[in-house]
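Please find below a note on the model under review. The points concern its nonpolar packing and its charged side-chain pairs.

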Amino acid sequence: MLNTFAYTCAFSVCAARAGARTTSLDLSKKYLEWGKRNFALNQLDPAAHDFIYGDAFDWMRRLAKKGRSFDLIILDPPTFSQSKEHGAFQAEKDYGRLVAAAVPLLKPNSVLFASTNAARLEPAEFLESVSAAIHAARRKVLQQHYIPQPPDFPIHRDEPAYLKTVWLRVS
C-alpha cells in the first residue's frame, strides 16, 4: 500500500495492522517520525515498512521508474501544499494531475482511494477529474463507491459539505 501525503501515517498503521506492507510518503520529516512512533505504539515494527520523505509527485515518478507497483494507493492530500520541486498543489485544480501520477503505480484490478476536503471542489468536478485521469492513462474504472460527507461532520449554512471520498477498482 502506498500512502501519499501520509501525515502521521494513520492509513498506513491500519493497513499494516491488517497485514499489508506499507509505504508512507510525506513532505514532512517531522510527521513521518510521528508516523513511525504510531507504528510502534500499535506494536508494529516501523523497520518492516517504508517511510519516504519528499514531494509526492517526484517520488511517484521515481517509484514508477523503479517498477514499483501497489495493490492500494491512498490519495488524501491537503487542500493546498507547497514543495520546492513542484511548487504549489491546489486540490481544486491539480487533483487530476495527482491521480495521473498515481495510476502508473497501481497494479491491475487494484484500488485507488481518493479523498479531499477542498470546499470549492464540487463532488461532480472531483469525480470527473479522477475518472478523466484514469481514462487518460488508458485504464478503466471497474467499480466506484463514492462517499459524501459523513454524519459525524455536520453540514450547516456556515460550513457546507466539503468532504468527498471515492474508492475505485481500476483495471
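**Packing and salt bridges**

1. In this predicted model, tyrosine 95 is in contact with Leu75, Pro77, Phe89, Gln90, Ala114, Ser115, Thr116, Phe126, Ser129 and Val130, leaving aside residues up to four places away in sequence.

2. Tyr95 also belongs to the largest nonpolar core, which comprises 32 residues. Together with Ile73, Val99 and Leu112, Tyr95 is among the residues with the most contacts inside this core. At least two core residues come from each of the following elements: helices H3 (56-65), H4 (91-102) and H5 (123-136), and strands E4 (70-75), E7 (106-116) and E9 (164-170). In soluble globular proteins, nonpolar side chains tend to be buried together.

3. A second core, separate from the one above, has 8 residues. Among them are Cys9, Ala16, Phe39 and Phe51.

4. The salt bridges deserve separate treatment. The count comes to 7. One of them joins the side chains of aspartate 58 and arginine 61, with an N to O distance of 2.5 Å. Both residues are in helix H3, where a spacing of 3 residues places them about one turn of the helix apart. Is each partner buried or exposed, or something in between? Aspartate 58 is buried because its relative accessible area is 8%, under the 20% limit. Arginine 61, at 43%, counts as partly exposed.

5. Aspartate 71 and lysine 107 form a further salt bridge, their closest N and O atoms lying 3.6 Å apart. This pair links distant parts of the chain, since aspartate 71 is in strand E4 and lysine 107 is in strand E7, 36 residues apart. Aspartate 71 has a relative accessibility of 48% and is therefore classed as partly exposed. Lysine 107 is likewise partly exposed, with a value of 31%.

6. In helix H4, arginine 97 and aspartate 94 are 3 residues apart, about one turn of the helix. Their salt bridge has its closest N and O atoms 3.8 Å apart. Arginine 97 is partly exposed, its relative accessible area being 35%, whereas aspartate 94 is buried at 9%.

7. Which residues are joined into one network by salt bridges that share partners? They are Asp58, Arg61 and Arg62. The bridge between aspartate 58 and arginine 61 was described in point 4, with its N to O distance of 2.5 Å.

Notes: Residues are numbered from 1 along each chain as its sequence is written. This is a predicted model: local features need pLDDT of at least 70, side-chain atom pairs count only at pLDDT 80 or more; totals for chains, interfaces and linings use all residues. Side-chain values use heavy atoms; hydrogens and water are left out. A nonpolar core is a set of buried Ala, Val, Leu, Ile, Met, Phe, Trp, Tyr and Cys residues joined through side-chain atoms within 4.5 Å. Buried means under 20% relative accessible area, exposed over 50%, partly exposed in between (1.4 Å probe, protein chains only). Helices (H or I, at least four residues) and strands (E, at least two) are DSSP runs, numbered from the N terminus. Contact means heavy atoms within 4.5 Å. A salt bridge is a side-chain nitrogen of Lys or Arg within 4 Å of a carboxyl oxygen of Asp or Glu.
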